[in-house]
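Student: I'd like a close look at one part of this structure. Could you pick a helix, show me what it packs against, and then take me on to some other details?

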Amino acid sequence: MLVLGIESSCDETAAAVVEDGRRVRSSVVASQHDIHAEYGGVVPELASRAHAERITPIVRQAIAEAHVSLADIDAIAVGHRPGLIGALLVGISAAKALSWSLGKPLVGVDHVHAHPWAGLLDTDARIDDLFPAVGLVVSGGHSSIYRAETPTDLVRLGATIDDAVGEAYDTAAAILGLPHPGGPRIDALASEPHADDRAVELPVSRLGKKSLDFSFSGLKTALLYAVRGVPGRDGVFPNEAGELSPERQRNLAASFQRAACRAVVLKLGRTIEQWAGDPPRALIVGGGVSANSRLRRELQEFASAHDLRLILPELRYCVDNAAMIAGLGAQLLATRGPDDLTLRAMPTTAC
Ligand code: KG4
Ligand code: ZN
């Protein structure tokens, strides 16, 4: 079965053709980073316009690279939540038009729930061997822990109460004078030889004793104060922005990364402690920050210490893509069937 996936929830226009939910026949991603870079973040109206210009050529490219024709496609899957409404509407409209004109089923996919599926793409891992599983999504918009009984049956156990971890990485990068999106740049700086991850002690939020939620705003503020000093009563910072030596910049990047990764692993530890019923067999991770080299290492250690099979996406499937949408879409079609043409764009995740 061939599913065409379409993704346009934020600043990537993407289309993919995936066979039987697992084998990626093509995956095309057009990033808009160049459009938003000068604003230091995604500008919704610019994102929608860029999606509208790109969606048709990107779908055509995905079909061509898969060496199929539209007539060979069995179903259309589209990310319909969460995201920027104007951006989502572009992908949803394209998906509905294709579904209606080709007479093929349409299925709406929750983008956040699709991220963990990315780790199953192009692998032979047997789905039945992995569940129940701990699901972890660490992305630019979400930081969530799930109890997953199956790939489509998720209960959220914890989520961020303020910023997502990727958002914190991007803000930290801006504080350190690095361009947007900053996650990969912090990762690179922190990986340089001689980067000292203990140069500055930054806070790791714990919240309540049993809380599985995340908070990254205190970490961002602590980094800001480490760079600019603590503001006086007049609200003015003692230090100017942009006065960091390369050595200080990489030490701060490494110290930030250490604290951010500790926060994630700490909550995973609590998740295992509090888990009731059949023990988890796997830790399935997705989202842009799952590309982070330190987090990948720490998750590896965590998984082997807790006897969990670790499912991490290949680097190209960590950030937003349509292959994960097509993959989970195939699974949803098999378990709960298609949606109709009233499928709506929703700003929030289902859970
Ligand atoms: O999953 P994603 O593409 O978008 C959302 O669904 O939000 O994640 C994008 C986020 C950005 O915040 C980006 O800085 C972060 O993933 N990111 C990284 C790395 N690569 C991407 N953060 C840390 N280290 C990386 N190597
Ligand atoms: Zn995403």
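**A helix and its partners**

Tutor: Let's begin with the pair α5 and α8: the axes of helix α5, which covers residues 165-175, and α8 come within 11 Å of each other and cross at roughly 170°. Please keep in mind that this is a predicted model. An angle over 145 degrees counts as roughly antiparallel, so α5 and α8 are roughly antiparallel to each other. On the α5 side, the residues that meet the partner helix are V165, A168, Y169 and A172, and on the α8 side they are F256, Q257, A260 and C261. If you sort the residues of this contact by character, you get seven nonpolar, one polar and no charged.

Now stay with α8, which runs over residues 246-274, and look at where helix α6 (residues 183-190) comes in: their axes come within 8 Å and cross at roughly 110°. Angles from 65 to 115 degrees count as roughly perpendicular, and therefore α6 and α8 are roughly perpendicular to each other. Here I186, D187, L189 and A190 of α6 meet Q249, R250, A253, A254, F256 and Q257 of α8. The make-up of this contact is six nonpolar, two polar and two charged residues. You may have spotted some names already: F256 and Q257 of α8 appear in the contact with α5 and also in the contact with α6.

Next, let's visit the metal. Which residues hold the zinc ion (ligand 2)? Its protein donors are H111 and H115, each through NE2, and D320 through OD, at 2.0 to 2.1 Å from the ion. The angles among the four donor atoms of the zinc ion run from 95 to 133°, and the site is tetrahedral. Along the sequence, the donor residues follow the spacing H-x3-H-x204-D. The H-x3-H part of that pattern fits what you can see in helix α4 (residues 111-117), where H111 and H115 lie four residues apart, about one turn of the helix. Are these histidines buried or exposed? Buried means under 20% relative accessible area, so H111, at 7%, is buried, and H115, at 1%, is buried as well.

From α4 we can follow the chain into the loop that leads to β6 (133-138), where P132 sits. The peptide bond from F131 to P132 is cis, with omega near 0°. In this loop between α4 and β6 you will also find D122, a residue other than glycine whose phi is positive, near 55°. D122 has 33% relative accessibility, so it counts as partly exposed.

Similar features turn up elsewhere. The bond from R81 to P82 is a cis peptide bond, with omega near -20°, and P82 is placed in the loop between β4 (75-81) and α3 (85-102). D20, in the loop between β2 (12-19) and β3 (23-31), has a positive phi near 50°. With a relative accessible area of 52%, D20 is exposed.

Let's finish with a contrast to D20. S144 belongs to strand β7 (residues 143-150) and has 1% relative accessibility, so it counts as buried. What surrounds S144? Apart from neighbours within four places in sequence, S144 is in contact with G135, L136, V137, R156, G158, A159 and F214.

Terms used
Residues are numbered from 1 along each chain as its sequence is written. Chains are lettered from A and ligands numbered from 1 in the order in which they are written. This is a predicted model: local features need pLDDT of at least 70, side-chain atom pairs count only at pLDDT 80 or more; totals for chains, interfaces and linings use all residues. Side-chain values use heavy atoms; hydrogens and water are left out. Donors are N, O and S atoms within 2.8 Å of the metal (3.2 Å for Na, K and Ca); water is not among the atoms, so sites may look incomplete. Four donors count as tetrahedral if all angles lie between 85 and 135 degrees; four count as square planar and six as octahedral if opposite donors are over 155 degrees apart and all others between 65 and 115; anything else is irregular. Helices (H or I, at least four residues) and strands (E, at least two) are DSSP runs, numbered from the N terminus. Buried means under 20% relative accessible area, exposed over 50%, partly exposed in between (1.4 Å probe, protein chains only). Axes are lines fitted to C-alpha atoms, for helices over the stretch in contact, and angles run from 0 to 180 degrees between N-to-C directions. Angles under 35 degrees count as roughly parallel, over 145 as roughly antiparallel, 65 to 115 as roughly perpendicular and the rest as oblique. Contact means heavy atoms within 4.5 Å. Ala, Val, Leu, Ile, Met, Phe, Trp, Tyr, Cys and Pro count as nonpolar, Asp, Glu, Lys and Arg as charged, and the others, Gly among them, as polar.
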